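Student: I would like to take a close look at one part of this protein and follow how its side chains are connected to one another. Could you take me through that part slowly, and then place it in the wider structure?

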Amino acid sequence: MPKQVRPSPDSAGAPGEPGPPTTHILRAVWNRLCEIERRVSDSLLGDSIAGICIVVLACAATVLVPLIFGH
């Protein structure tokens with residue numbers, strides 16, 4: 001007799017059957033974020049955001065490095 005395998009709680013089961021609602025919502029959100037990231041990373045806006053992040057990191061480093069390593 002073949003061994004029966006129970007599907008995991010987050011698996012979709014048979015093809016075509018929907019999985020748990022949370023999985024669908026998270027997947028939709030992730031797909032949307034990936035789509036936005038693709039658009040932004042290829043534009044001037046993406047370069048501007050990256051530049052701002054570098055400035056923020058540099059400012060944080062100038063404040064935090066002396067606090068962490070300085071005596």
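Tutor: Let us begin with a pair of charged residues, Arg39 and Glu35, which both lie in helix H1 and stand four residues apart, about one turn of the helix. In this predicted model, Arg39 forms a salt bridge with Glu35, and the closest N and O atoms of the two are 2.3 Å apart. Glu35 has a second partner as well, since Arg32 also forms a salt bridge with Glu35, with 3.5 Å between the closest N and O atoms. A salt bridge is counted here when a side-chain nitrogen of Lys or Arg comes within 4 Å of a carboxyl oxygen of Asp or Glu, and by this rule the count comes to two salt bridges.

How far apart are Arg32 and Glu35 along helix H1? They are three residues apart in this helix, which covers residues 21–41, and so they are separated by about one helical turn. Returning to Arg39, we find a relative accessibility of 54%, and because exposed means over 50%, Arg39 counts as exposed. Salt bridges that share partners join Arg32, Glu35 and Arg39 into one network. The other two members are less clear-cut: Arg32, at 45% relative accessibility, counts as partly exposed, and Glu35, with a relative accessible area of 30%, is partly exposed too.

Now let us place this network in its surroundings. The protein has two helices and zero strands, and of its 71 residues 1% count as buried. Its accessible surface comes to about 6,700 Å², of which 70% belongs to carbon and sulfur atoms.

Helix H2, made up of residues 44–69, has 26 residues and reaches 37 Å from its first C-alpha to its last, which is close to the 38 Å expected at 1.5 Å a residue. There is nevertheless a kink of about 25° in H2, and this kink is centred on Ala61. Val65 is also found in helix H2, and at 42% relative accessibility this residue counts as partly exposed. Val65 belongs to a nonpolar patch on the surface, which it forms with Val63, Leu64, Leu67, Ile68 and Phe69, and together these residues have about 650 Å² of accessible area.

Finally, we can turn to the cysteines Cys34 and Cys53. Cys34 counts as partly exposed at 22% relative accessibility, and Cys53 likewise counts as partly exposed, at 41%. A disulfide would need a pair of cysteine sulfur atoms within 2.5 Å, and the structure holds zero disulfides.

Key: Residues numbered from 1 in each chain as written. Predicted model: local features only at pLDDT ≥ 70, side-chain atom pairs only at ≥ 80, totals over all residues. Heavy atoms only, no water. Expected span 1.5 Å × (residues − 1). Bend = angle between axes of the 7 residues up to and from the residue. Buried < 20%, exposed > 50% of the residue type's maximum accessible area, 1.4 Å probe, protein only. Areas by Shrake-Rupley, 256 points an atom, 1.4 Å probe, with all protein chains shown as cover. Patch = residues over 30% accessible without salt bridge, like charges linked within 9 Å, V, L, I, M, F, W, Y side chains within 5 Å.
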